[in-house]
Amino acid sequence: HHDFPRSALADYKVFLSSGVAPNLAFQRAFGRTYAKMEDQLFDYLRSGEYSVQRQPLAVVGELRAEQATKRDTEEALGRLALVGRRWEIAEEHARAVTSLAPEDPRAFEILGLARLGRGDAVGSIDAFSRAAKLNSRDFFPYFELAHAEHAEGTTGPMGLSSITPEAARRMANLYEQAINLHARFLPSFRGLVGLVGIAEPWSVEDMRFLELGQKLFPQDEFIDRKSTRLNSSHLVISYA
């Protein structure tokens, strides 16, 4: 639907996994309450502006069952516990994975989410840092590392930023790593936009990330408000 970000469903899942209450997670991701969404859905159905498409099922080969490894089983149980918001149990399975495969970043991804869910911000950052150092292929550790430092640097009087250009550059790199792994998570782009004019050096590559954000989320007011463009050989920042 054109009124909310294309990544709304994915964002909703991430917020739930992070321990946000379902009602609040839905409102953050979709920009409206359950009741408002229901009203809009009924309006859409009554308008008749929809169609049904069918396509044949793909032919698949013979399926063969194989016994899962102990590591895979522990990871699956850990992620299942996260979905059920059973943080302590998720941590137990994550530790089991670390004992079986200490260099596997996926254990620290689970551990970070579990600690975040039970309110251990410091512990979650430690786990996400270890996941990132082990080259995690999940976007969330990189996003959360940048977001936590970003939030800490903007808690001064009247919301003034105390972020240095070097720190901003480090955070921008983390946001961009998160975008590379999952480009449809709107908060990553919003975080990156918030570093425009602070992070140094700022390059054409950074501009391409912002242009991608504008294309993926053309209705987002925060990104549009700090829209950017290249003017000859230097960067110009324009405010709508």
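The following legends describe close-up views of a predicted model.

**View 1. Packing of helices α4 and α5.** Helix α4 spans residues 70-83, and helix α5 covers residues 87-100. Their axes lie 8 Å apart and make an angle of about 160°. An angle over 145 degrees counts as roughly antiparallel, and α4 and α5 are therefore roughly antiparallel to each other. The two helices cross in a left-handed sense. On the α4 side, the contact is formed by Lys70, Arg71, Glu74, Glu75, Leu77, Gly78, Ala81 and Leu82. The partners in α5 are Trp87, Ile89, Ala90, His93, Ala96, Val97 and Leu100. By class, the residues of this contact between α4 and α5 comprise nine nonpolar, two polar and four charged.

**View 2. Arginine 85 in the loop between α4 and α5.** Arginine 85 is located in the loop between α4 and α5. Its phi angle is near 60°, a positive value in a residue other than glycine.

**View 3. The second largest pocket and its lining.** The second largest pocket holds about 300 Å³ of space. It is lined by 13 residues, of which Lys13, Ser17, Arg79, Leu113 and Asp138 are the closest to its centre. Helices α1 (8-17), α4 (70-83) and α8 (139-152) each contribute at least two residues to the lining. The most is given by α1, which supplies four residues. Seven residues of the lining are nonpolar, three are polar and three are charged.

**View 4. Packing of helices α9 and α10.** Helix α9 (residues 165-181) packs with α10 at an angle of about 155°, and the two axes are 9 Å apart. The helices α9 and α10 are therefore roughly antiparallel to each other. The crossing of α9 with α10 is left-handed. From α9, the residues in contact are Ala172, Tyr175, Glu176, Ala178 and Ile179. From α10, they are Ser188, Phe189, Gly191 and Leu192. Six residues of the contact of α9 with α10 are nonpolar, two are polar and one is charged.

**View 5. Crossing of helices α10 and α11.** Helix α10 comprises residues 186-193, and helix α11 comprises residues 204-216. Their axes come within 10 Å and cross at roughly 135°, which makes α10 oblique to α11. This crossing of α10 and α11 is left-handed. In α10, Phe189, Leu192 and Val193 take part in the contact. They meet Phe209, Leu210, Leu212, Gly213 and Leu216 of α11. Seven residues of the contact of α10 with α11 are nonpolar, one is polar and no residue is charged. Phe189 and Leu192 thus appear in the contact with α11 and also in the contact with α9.

**View 6. The loop between α10 and α11.** Isoleucine 198 lies in the loop between α10 and α11, as does proline 201. The peptide bond that leads from glutamate 200 to proline 201 is cis, with omega near -5°. Leaving aside residues up to four places away in sequence, isoleucine 198 touches Ser161, Ile163, Thr164, Pro165 and Ala168. Isoleucine 198 is separated from alanine 172 by 26 residues in sequence and by 9.9 Å in space, C-alpha to C-alpha. Ala172 is also one of the α9 residues that contact α10.

Definitions and conventions. Residues are numbered from 1 along each chain as its sequence is written. This is a predicted model: local features need pLDDT of at least 70, side-chain atom pairs count only at pLDDT 80 or more; totals for chains, interfaces and linings use all residues. Side-chain values use heavy atoms; hydrogens and water are left out. Axes are lines fitted to C-alpha atoms, for helices over the stretch in contact, and angles run from 0 to 180 degrees between N-to-C directions. Angles under 35 degrees count as roughly parallel, over 145 as roughly antiparallel, 65 to 115 as roughly perpendicular and the rest as oblique. A crossing is left-handed if the near helix is turned anticlockwise from the far one by less than a right angle, and right-handed if clockwise. Contact means heavy atoms within 4.5 Å. Ala, Val, Leu, Ile, Met, Phe, Trp, Tyr, Cys and Pro count as nonpolar, Asp, Glu, Lys and Arg as charged, and the others, Gly among them, as polar. On a 1 Å grid over the protein atoms alone, a cavity is a set of points where a 1.4 Å probe fits but cannot get out, and a pocket is an open set with protein on both sides within 12 Å along at least five of seven lines; lining residues have an atom within 4 Å of a point. Grid points are joined across faces, edges and corners, and a volume is the space filled by probe spheres set on the points.
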